[in-house]
Amino acid sequence: MAGYILKRLISAIPVLFGISIIVFIIMAMIPGDPATAILGSYATPENVEKLNRDLGLDKPMVQRYFIWLGNMLQGDFGRSFSLNRAVLDEVLDRFGATLILAGTAFVLCSILGIAAGVVSAARQYGLADKAITFAVLLGISIPSFFLGMMMILIFAVKLRWFPVSGMWPIYGARDLPALISHLTLPAFALAVVATGVIARLSRSAMLEVLRQDFIRTARAKGVHERSVIWRHALRAAMVSIIPVLGVQAGFVLSGAVYIEMVFQWPGVGRMLVGAILKRDILLVQGGVVFVAACYVLFNIAVDVAQSLLDPRIKT
Amino acid sequence: MMAFLKLLARNRLALGGLIVMGLVVLLALITPLLPLADPDVTDTPNRFKKPFSESALLGTDHLGRDLLSRLLWGTRLSLAVGFAAAIVAATLGAAIGIIAGFYGGRTDNVIMRGVDMLMAFPYILLALAIVAVLGPGLMNALIAVAAVNIPFFARNIRGITVGIAHKEFVDAARLSGMTDARIILTELLPNVIPVIVIAMSTTIGWMILETAGLSFLGLGSQPPQADLGSMLGEARSALITNPHTSVVPGAMILIIVMAINLLGDGVRDALDPRLKSGALLRPMPTTMVKRTEAAPEAKPDTLLALRGLKTQFHVKDRVYKAVGGVDLQVNPGECLGVIGESGSGKSVTALSIMGLVASPPGVITGGAVHYKGKDLVGAPYEKLRSLRGDRIAYIFQDPLATLHPLYTVGDQLIEAARAHHPIDKSAARAHAIDLLKSVRIPNPEQRVDSYPHEMSGGMRQRVGIAMALANEPEVIIADEPTTALDVTVQAQILSLLDDLRRERGLAIIFITHDFGVVAQLCERVAVMYAGQIVEEGPTKTILNAPAHPYTSRLMACVPELGHGRRELAAIPGLPPVVDKLPEGCAFAERCHKANDTCRHGNIELVRHGADNFVRCIAPETAAQEACQ
């Protein structure tokens, strides 16, 4: 097992390289003088010139890429001019909040999505299936930011069940109950779209599996139908559901941007939007590279989960 | 194309989506012609007017601008940007995909690795990075959304292109000296365009949503110009005091995206061959029963008896009569062979006994299955479940497909026992090892923890048998359990089954298409053709003197060792399709003796000699002969 994890980690290196190249290319598309773009329009000419030297802008592209990459590998993501702070520090501070939000949403959408898909498949064309299919259609069609706003209106303003926004109460203890009450609405709002996608896929994966011969075998053994569905069929269907969970994790992680804006959640997404509006390029770059790298690592975890589930995968 | 539209029209939801989308597009197109207020003229004294107020049907926003007018203009902009992004992404993505798929080799490799890298990005993040570099603005948001969707199109189109690029007509075009560019334009593109259109129809909703999202974040359209996303973004600060300013644009996005998704689903369903063939229908826990006539009486003193069993497959308006009235019976210690070509209905007969025919489309339409005098057809699920695997067990063909790939054989054996008898885990494990031992699997203590894919075909088949024996059943129904195996393994498994029959007094129904197997194992044999039994009797009599022409022809197809140059006579023609069974004898078309009387009325299965039955008006042997 450890060997397999190591192998997957090594295979992630080219992907991480690819990501860094893509980000580098995008950053190289900045119109005008990059140093001015990085330092903001109020930078002094001396600073601009110094940065141009540091970035090696007089050197060829390939060389510049390796200087850039080398800096990042040493943890030097540059300084954000708008915050006057090291980019990496800011990103790390914010990433925890995003991780709590996206992680909760991911757990929610996985459990709800799979359960809905299984029930839907087991009762194909029945009432439950129709209701779930309609809810799923609504879920994947509603913009998460609009849903978030409507949830605030209903559950925070009208019913007063949850706070309107933020991650912590302004006054009062920063404890788990406070976090949960702040987290509930944004986590659900973030999970809805992914829940719909996962439910849809789980349904069709289940339907495909339910036609397989080994399901007939389980029935011929006299296994109870409940167990046929949840043990035999779901386990086999998970083989095609898990990769989709990996993809959806990416959507949840990056879709957190909208939810963080709507709920004033102090995460990386909100930081990125602010940085883009202030044209703080280095902060954007740092946030993007960091989140993308985390996502690659998460996908390794997905592969490992897949290999634990499916003994046919050589580990 | 027409058929496709018809199919789409039959899907009411998709049609609804199409109509809603058509209306929205129409509204967007005629917006400049409508008598609307200027969407950008502010009128602060009249801000936040409620909907349905005078002179403002949907109210006004935080600057007193008419919401209806802004909504229509915003919809127009959102649709335009979404469509434009989709067209840009589809064009570029298709171009990349076609080049990668057409040229293959290294070009393909480099391009597809790049596409994989792009897809490894959480993709809203990529769009944000692009907007960050280009600066906020609607055009830049469009570019970003199009760019992040290119990999999706590239990958899909490449897949299709690879399939087409090696077809004969492309080779022909190459040989005729056409340039690559011409081949791509005249030969490939026409075949790829439908796929591009479908991919667009399923992604355009996303693109509208994504551009709206970027605008919502303030990174897309800039004031005073407003699309639906930026309307929603601006309304956010007044969400609590004046929710209608948020609800109006938000609901519009929802309506548009939902209509597109409905339409996209309809298109996808209309084109999915699996939906048409019913391959995505969930089989029920028991076969559906719709008996039109009264169930036949039980015959006393038989363990398991089928009486006039009829099983059909109902697919759309077609009815396939897979089993058309079958009578069979077995008693303890007896082995009954059921023999016939593929498609003769023998497997369906076997599966019907315990209600295991996949349903839909399978339906048991008549007859009865008596187990110790009790009818199992139409018995409640729990009754059938308690008998399945406990009293009546199955052994299936192709154990790689019939064993669960993700559980160890031990787990599957244990489950078979525990489904009927509550025994604790360690006792169950010991039982599983005993079972593996009883089917002569070497090292059962280790093998119990193996997965099916780690075993050979013969081993897996033994596991299948062990599973059937888990609860010491009275009847075993073996559906071609040795067909996939080589002869030595086959012989071992047959003798294993034979031993079990003698030792435990098992009743076996053995389904096969192999006369050699029948001769070795079964005292009695029933020959099936087109869903009916055409001949039944003691194995010896039938093998020595087959009465039905079909049986004799079937036996003539079997080569014999050491009998020199006997002529192997394949039966001409094919078995009839069971949704269009001819009148009279189903075999008449292929029978050398057939005459006009064979093609009329219903030919009954009649006693022929002492213990034989045959469904033929001109049997190969005289009844007296068969007697001796």
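## A tour from the sheet of chain B to the contact with chain A

Start by selecting residues 475-479 and 507-512 of chain B: these are strands E8 and E9, which pair in the parallel sense over 5 bridges. Strands (E, at least two residues) and helices (H or I, at least four) are DSSP runs numbered from the N terminus, and two strands pair if DSSP finds at least two bridges between them. Before going on, note that this is a predicted model, where local features need pLDDT of at least 70, side-chain atom pairs count only at pLDDT 80 or more, and totals for chains, interfaces and linings use all residues. Residues are numbered from 1 along each chain as its sequence is written, while chains are lettered from A and ligands numbered from 1 in the order in which they are written.

**The sheet.** Pick Ile477(B) and look across to E9(B), where Ile509(B) stands opposite. Now add helix H18 of chain B, residues 457-469: it packs on the sheet, touching E7 and E8, and its direction makes about 175 degrees with that of E7(B). (Angles run from 0 to 180 degrees between N-to-C directions, and axes are lines fitted to C-alpha atoms, for helices over the stretch in contact.) Widen the selection to the whole open sheet, and you have 8 strands of chain B with mixed pairing, in the order E7-E8-E9-E4-E10-E11-E13-E12. Strands E7 (392-395) and E12 (606-607) of chain B are at the edges with a single partner strand each, so one side of each has no neighbour in the sheet.

**A helix pair within chain B.** Next, select residues 12-30 and 67-103 of chain B, helices H2 and H3, which pack at an angle of about 110 degrees with axes 9 Å apart. That angle makes H2(B) roughly perpendicular to H3(B), on a scale where under 35 degrees is roughly parallel, over 145 roughly antiparallel, 65 to 115 roughly perpendicular and the rest oblique. Show side chains for Val24(B), Val25(B), Leu27(B) and Ala28(B) in H2(B), which meet Leu72(B), Thr75(B), Arg76(B) and Leu79(B) in H3(B); residues are in contact if their C-beta atoms, placed from the backbone, lie within 7 Å.

**Across to chain A.** Colour both chains and look between them: 64 residues of chain B are in contact with 65 residues of chain A. Which element gives the most to the side of chain B that touches chain A? Helix H5(B) does, with 9 residues.

Zoom in on H5(B) (residues 123-134) and helix H10 of chain A (residues 225-262), whose axes come within 7 Å and cross at roughly 40 degrees. This crossing makes H10(A) oblique to H5(B). Here Gly250(A), Ser254(A), Gly255(A) and Val257(A) meet Tyr123(B), Ile124(B), Leu125(B) and Leu128(B).

**The core.** Stay here and select Val252(A), Ala127(B), Leu128(B) and Ala129(B), which touch the most other members of the 280-residue largest nonpolar core. Such a core is a set of buried Ala, Val, Leu, Ile, Met, Phe, Trp, Tyr and Cys residues joined through C-beta atoms within 7 Å; buried means that 20 or more other C-beta atoms lie within 10 Å of a residue's own, with C-beta atoms placed from the backbone. Leaving aside neighbours within four places in sequence, Val252(A) is in contact with Ala102(A), Ala105(A), Phe106(A), Cys109(A), Leu190(A) and Ala194(A).

**Last stop.** Finish with chain A as a whole, which has 12 helices and 2 strands. Its C-alpha trace spans about 80 × 55 × 35 Å along the principal axes, and 45% of the 315 residues of chain A count as buried.

Key
Two residues are in contact if their C-beta atoms, placed from the backbone, lie within 7 Å. A residue is buried if 20 or more other C-beta atoms lie within 10 Å of its own, exposed if 12 or fewer, and partly exposed in between; C-beta atoms are placed from the backbone.
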